[in-house]
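Trainee: I'd like a close look at one helix in this model and at what surrounds it. Could you take me through that part?

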Amino acid sequence: MRSAVIIFPGSNCDRDALTVLQLTGCKPEKVWHADSTLPDCDLVVVPGGFSYGDYLRSGAMAAHSPVMREVIKHAGRGGRVLGICNGFQILTESGLLQGTLMRNAKLKFLCRDVFLRVENNTTAYSSAYDKGQVIKVPIAHHDGNYFTDAATLKSLEDNDQIAFRYCDEKGGLTPDANPNGSLSHIAGIYNKEKTVLGMMPHPERHADPLTGGIDGRAMFESLLAA
């Protein structure tokens with residue numbers, strides 16, 4: 001499998017993404033935000049960080065970078081796109097995913113491990129997990145509070161587009177387990193075709209035992225198997 005990692009001014013998780021892609025045999029290439037073409041690839045990763053310093057809204061400026069026009073075309077052809085943290089914000093700003101990411105409920109930057117419940121394990125991103133499995137993955141964000149309107153939320157639920165929900169260690173959707181106040185505990189969503197995934201937690205940071213966990217590695221193994 002061939003992959004590409006987009007790098008914006010202010011990206012700081014691109015190397016993490018490149019490392020796990022190399023580790024799992026996904027053959028990554030670096031792509032600068034001002035490039036007008038993408039390499040021939042199966043997967044595009046839009047990594048975390050603070051693209052353009054998070055001016056205006058998080059991801060708003062990066063969504064208009066030249067390379068994002070090619071990412072949108074790639075997704076339109078059925079190519080896979082994974083947006084992590086700031087990458088999720090960029091995907092919503094570019095219209096590839098529905099909803100928006102607002103300031104965390106308590107208006108504080110959060111950096112810690114959280115538990116996620118796998119809501120759909122039938123996609124190229126999740127086949128190595130079990131449905132309902134609880135995994136532990138880090139978060140590091142200030143604007144991770146997912147929100148959308150009631151009709152869109154119903155559509156996401158009806159179409160199995162909710163990828164992960166914040167939960168407690170046993171999978172319960174308790175108020176304390178929702179770190180940023182996200183609507184319906186949503187931590188990640190798919191597009192209707194399940195080819196585009198955006199999520200606030202960082203699976204690439206838990207792909208090596210030396211970094212504190214390996215629960216995120218299965219996502220990239222799923223992609224390789226697909």
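Which residues of α4 are exposed, on the other side of the helix?

Mentor: Those are A150, A151 and D158. Before we go on, keep in mind that this is a predicted model, where local features need pLDDT of at least 70 and side-chain atom pairs count only at pLDDT 80 or more, while totals for chains, interfaces and linings use all residues. Residues are numbered from 1 along each chain as its sequence is written, and side-chain values use heavy atoms, with hydrogens and water left out.

Helices are DSSP runs of H or I with at least four residues, strands are runs of E with at least two, and both are numbered from the N terminus. As for burial, buried means under 20% relative accessible area, exposed means over 50%, and partly exposed is in between, using a 1.4 Å probe and protein chains only.

Now turn α4 (residues 150–158) around to its buried residues: T152, L153, S155 and L156. Looking down the axis of α4, you find these buried residues within an arc of 160 degrees, so they line one face of the helix. (The arc is taken over the directions from the helix axis to the C-beta atoms.) There's a general reason for this sort of pattern: an α-helix has 3.6 residues a turn, so residues three or four places apart point the same way.

What does that face sit against? The buried residues of α4 pack against β8 (145–147), β9 (162–167) and β10 (186–190), where contact means heavy atoms within 4.5 Å.

Have a look at the two ends as well. At the N-terminal end, D149 is the cap of α4, with a side-chain oxygen 3.1 Å from the backbone nitrogen of A151. That's a polar contact, meaning a pair of N or O atoms within 3.5 Å; within protein, one must be able to donate a hydrogen and the other to accept it, and residues adjacent in sequence count only if both atoms are side-chain atoms. Past the other end, D160 sits in the loop between α4 and β9. Its phi is near 55 degrees, a positive value in a residue other than glycine. D160 is partly exposed, at a relative accessible area of 46%.

Follow the chain from D160 and you get to the strands. β9 and β10 belong to an open sheet of nine strands, in the order β2-β1-β3-β4-β11-β10-β9-β6-β7, with mixed pairing. Two strands pair if DSSP finds at least two bridges between them. At the edges stand β2 (28–32) and β7 (134–141), each with a single partner strand, so one side of each lacks a neighbour in the sheet. On average, neighbouring strands of this sheet are turned by 25 degrees against each other, direction ignored. Axes here are lines fitted to C-alpha atoms, for helices over the stretch in contact, with angles running from 0 to 180 degrees between N-to-C directions.

Zoom in on β9 first. With β6 (residues 110–118), β9 pairs in the antiparallel sense over four bridges, and L116 stands opposite Y166 in β9. β9 and β10 run antiparallel too, joined by three bridges; R165 has I186 in β10 as its bridge partner.

β10 itself is largely enclosed by the rest of the structure, because five of its five residues are buried. Three bridges join β10 to β11 (residues 196–199), again antiparallel, and Y190 has L197 in β11 as its bridge partner. The hairpin of β10 and β11 has five residues between the strands, and there K194 takes a positive phi near 65 degrees.

Several of these strand residues turn up again in the largest nonpolar core. A nonpolar core is a set of buried Ala, Val, Leu, Ile, Met, Phe, Trp, Tyr and Cys residues joined through side-chain atoms within 4.5 Å. This one has 61 residues, and L82, L116, F164, L197 and M219 touch the most other members. Leaving aside neighbours within four places in sequence, the contacts of L82 include L197, M219 and F220.

So, back to your helix: α4 has A150, A151 and D158 exposed on one side, and its buried residues pack against β8, β9 and β10.
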